[in-house]
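Student: Can you walk me through this one? I'd like the core, the helices and a few side chains.

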Amino acid sequence: MTSFALHHVQLAIPAGSEDACRAFYLGVLGMTEVAKPPVLAARGGLWVRAGTLEIHLGVEADFRPARKAHPGILVDDLDEVMARLAAHGTEVTPDGEFPGHRRCYAHDAVGNRLEFLQPL
């Protein structure tokens, strides 16, 4: 049987929003930027990583933020993540509807929905 694992999630961003996304993903969430291969770097966007989670933020000409689709990001301290988001002016929406987890939703610098989950 073939095994599967997630390598990365890609979210779309508008052209020219890389600095705002860096401020959010690196500054607010504390992720690190991953150097893109030169042939891909020419397309714009950026890649970020924290632990085993990697998110590729790719420029999309007809950008519309993902309002329903989202990555589910596991964290070990949801209260700390929510506090960091709130301290930087990001609206946080707690949600207790996912069995076995505490979770919340927030939106990144360009309006993409993000879900943060902490197993109970």
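Tutor: We'll start with the ground rules, then go from the core outward.
Tutor: This is a predicted model, where local features need pLDDT of at least 70, side-chain atom pairs count only at pLDDT 80 or more, and totals for chains, interfaces and linings use all residues. Residues are numbered from 1 along each chain as its sequence is written, and side-chain values use heavy atoms, with hydrogens and water left out.

Student: Which residues touch the most other members of the largest nonpolar core?
Tutor: Tyr25, Leu29, Ile55, Leu57, Leu85 and Phe116, out of 25 residues in that core. A nonpolar core here is a set of buried Ala, Val, Leu, Ile, Met, Phe, Trp, Tyr and Cys residues joined through side-chain atoms within 4.5 Å. Buried means under 20% relative accessible area, exposed means over 50%, and partly exposed is in between (1.4 Å probe, protein chains only).

Student: Which elements give two or more residues to this core?
Tutor: Strands S1 (9–13), S3 (46–50), S4 (53–59), S7 (101–107) and S8 (113–119), plus helices H1 (18–28) and H3 (78–87). Helices (H or I, at least four residues) and strands (E, at least two) are DSSP runs, numbered from the N terminus.

Student: Why would nonpolar side chains end up together?
Tutor: In soluble globular proteins they tend to be buried together.

Student: Take Leu85. What does Leu85 touch?
Tutor: Phe24, Val28, Leu29, Thr90, Val92, Ala106 and Phe116, leaving out residues up to four places away in sequence. Contact means heavy atoms within 4.5 Å.

Student: Now H1. Which residues of H1 are buried?
Tutor: Glu18, Cys21, Phe24, Tyr25 and Val28. They sit on the same side of H1, because they cover an arc of only 165 degrees around the axis. The arc is that of the directions from the helix axis to the C-beta atoms.

Student: What do the buried residues of H1 pack against?
Tutor: S1, S3, S4, H3, S7 and S8. After H1 comes Gly30, with a positive phi near 80 degrees.

Student: How many aromatic pairs turn up in the whole structure?
Tutor: One. Phe24 and Tyr25 have ring centres 5.0 Å apart and planes at 85 degrees, so the pair is edge-to-face. For the cut-offs, rings of Phe, Tyr and Trp (its six-membered ring) pair if their centres lie within 6.5 Å; planes under 30 degrees apart count as stacked, over 60 as edge-to-face and the rest as tilted.

Student: Is Tyr25 buried or exposed?
Tutor: Tyr25 is buried, at 0% relative accessibility. Phe24 is also buried, at 4%.

Student: And Leu26, in H1: what is its relative accessible area?
Tutor: It is 26%, so Leu26 is partly exposed. Leu26 touches Cys21, Met31, Thr32, Glu33 and Val48, not counting residues up to four places away in sequence.

Student: On to H3. Which residues are buried there?
Tutor: Leu78, Val81, Met82 and Leu85. Their arc around the axis is only 95 degrees, which puts them on the same side of H3. What covers them includes H1, S7 and S8.

Student: What happens at the start of H3?
Tutor: A side-chain oxygen of Asp77 comes to within 3.3 Å of the backbone nitrogen of Asp79. Just after H3, Gly89 has a positive phi of about 80 degrees.

Student: Switching to charged residues. Is Glu54 in S4 buried or exposed?
Tutor: Glu54 counts as buried, at 6% relative accessibility. The side chain of Glu54 makes polar contacts with the side chains of Arg49 (2.6 Å) and His56 (2.7 Å). A polar contact is a pair of N or O atoms within 3.5 Å; within protein, one must be able to donate a hydrogen and the other to accept it, and residues adjacent in sequence count only if both atoms are side-chain atoms.

Student: What about Arg103, over in S7: buried or exposed?
Tutor: Arg103 is buried, at 12% relative accessibility. A 2.8 Å polar contact joins the side chains of Arg103 and Glu115.

Student: Last one. Where does Arg113 lie?
Tutor: Over the face of Tyr105, at 3.9 Å from the ring centre. A charge sits over a ring if NZ of Lys or CZ of Arg is within 6 Å of the ring centre and within 35 degrees of the ring normal.
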